[in-house]
Amino acid sequence: MTTALITGATSGIGKSTAIEFAKHRINLIICGRRQDRLGELQKELSKSVAVHTLCFDVRDKQEVSKSIESIPAKFGKIDILINNAGNAHGLDPIQTGSLEDWDAMIDINVKGLLYVSKAIIPKMIAQKSGHIINIGSIAGKEVYPNGNVYCASKHAVDAINKGMQMDLNPYGIKVGAIHPGLVETEFSNVRFKGDDKRADTVYNGFDPLTPENIADIIAFVVTRPYHVNIADLIVFPTAQASSTIVKKSL
Ligand code: NDP
Ligand code: 8X3
């Protein structure tokens, strides 16, 4: 049976991907910092697949490697890694942005993705197989006003994805990125630090993508034949044409 490790599985795209993978009978290692949510999801999905939970902060490199080393033998062969954990913190011009927000985005979206990958890639090389999906963003393809450091973090994910493709090519490991546009998750609630009214305004007046839409695409990507690798994919809601062009009915 196939096993997938998903970071950021406590909400949004990661959680929906875990639910979708369970429907495809893919065993799961679900990760995040909120153990209560991991426990609830494990309870729900254990009815159909084997589920292991790992509670760690991707910013802490020791914690990352300790957690991944602790994975029981039954889940030891990780076939799929979904590098999904990440968020935007703040939406401010560069001249007034907060250092704490910048640290969070670089440490989680870039360094955290690298720490998790570093712990898993040697296992994939040893088993001579594996599939890594990096969740980037349209913010990794374009820059928008006040997006500065979040966009930089996602441009880094885009570069790391391409680098992984090259460096892991000799080992037969598949690597690809999915770059969503506007998806309604807890993303904007985190970006605006719990200002849920402001978060809602991001998705008012048009039909945004849902996390289920992205999960459906991720499931499609991982179920292609071995010789087919979806290397780089941008997904918009129909109302969106770029980071700054969204057709709203307001
Ligand atoms: P959510 O806020 O709903 O989910 C973010 C997930 O990341 C949570 O499970 C959270 O878990 C986890 N996470 C955040 N920080 C850490 C950390 N320090 N250590 C471990 N896990 C962490 O947002 P989305 O589902 O929207 O975001 C998922 C990915 O998709 C992100 O990389 C985001 O940048 C990307 N994306 C989102 C888009 C959108 O419009 N929503 C569009 C394009 C890309 P916990 O808090 O439990 O640790
Ligand atoms: C999330 C999409 O446009 O808010 O990465 O940056 S956006």
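Visitor: In this model, which atom lies 2.6 Å from a polar side-chain atom of Tyr144?

Guide: That atom is an oxygen of ligand 2, and, as the model is predicted, the distance is a computed value. A pair of N or O atoms within 3.5 Å is read as a polar contact, and ligand 2 offers further cases: an oxygen atom of ligand 2 is 2.6 Å from a polar side-chain atom of Tyr150, while for Ser137 the corresponding distance between a polar side-chain atom and a ligand oxygen is 2.5 Å.

Visitor: How much of the accessible area of ligand 2 does the protein cover?

Guide: Taken on its own, ligand 2 has 240 Å² of accessible area, and 88% of this is covered by the protein.

Visitor: Which residues surround ligand 2, and how do they divide by class?

Guide: The surrounding residues are Ser137, Ala139, Tyr144, Tyr150, Gly181, Phe187 and Arg191, and by class they comprise four nonpolar, two polar and one charged. The space that ligand 2 takes up is the largest pocket.

Visitor: Where does ligand 1 sit, and how many residues surround ligand 1?

Guide: Ligand 1, too, is placed in the largest pocket. Its shell holds 30 residues, of which the closest are Thr10, Ser11, Arg33, Tyr150 and Thr185; Tyr150 is thus named in this list and also among the residues around ligand 2. Sorted by class, the shell of ligand 1 consists of 12 nonpolar, 12 polar and six charged residues.

Visitor: Which helices each supply at least two residues of that shell?

Guide: They are α1, spanning 12-23, and α5, spanning 148-168.

Visitor: Which parts of Ser11, Asn84 and Gly86, side chain or backbone, make the polar contacts with ligand 1?

Guide: Ser11 uses its side chain, an N or O atom of which is 2.7 Å from an oxygen atom of ligand 1. Asn84, by contrast, places a polar backbone atom 2.8 Å from a ligand oxygen, and Gly86 likewise uses a polar backbone atom, here at 3.4 Å from an oxygen of ligand 1. As for burial, ligand 1 alone exposes 870 Å², and the protein buries 97% of that area.

Visitor: How many salt bridges does the model contain, and with which residue does Lys23 form one?

Guide: When a side-chain nitrogen of Lys or Arg is required to lie within 4 Å of a carboxyl oxygen of Asp or Glu, the count comes to 11 salt bridges. Lys23 pairs with Glu20, their closest N and O atoms being 3.4 Å apart. Both residues belong to helix α1, where they stand three residues apart, or about one turn of the helix, and α1 is one of the helices that contribute to the shell around ligand 1.

Note on methods: Residues numbered from 1 in each chain as written. Chains lettered and ligands numbered in written order. Predicted model: local features only at pLDDT ≥ 70, side-chain atom pairs only at ≥ 80, totals over all residues. Heavy atoms only, no water. Near = heavy atom within 4 Å. Polar contact = N/O pair within 3.5 Å; in protein donor to acceptor, adjacent residues only side chain to side chain. Areas by Shrake-Rupley, 256 points an atom, 1.4 Å probe, with all protein chains shown as cover. 1 Å grid on protein atoms, 1.4 Å probe; cavity = no way out; pocket = protein on both sides within 12 Å on 5 of 7 lines; lining within 4 Å. Sits in = over half its atoms within 2 Å of the grid points. Helix = DSSP H or I, 4+ residues; strand = E, 2+ residues; numbered from the N terminus. Nonpolar A, V, L, I, M, F, W, Y, C, P; charged D, E, K, R; others polar.
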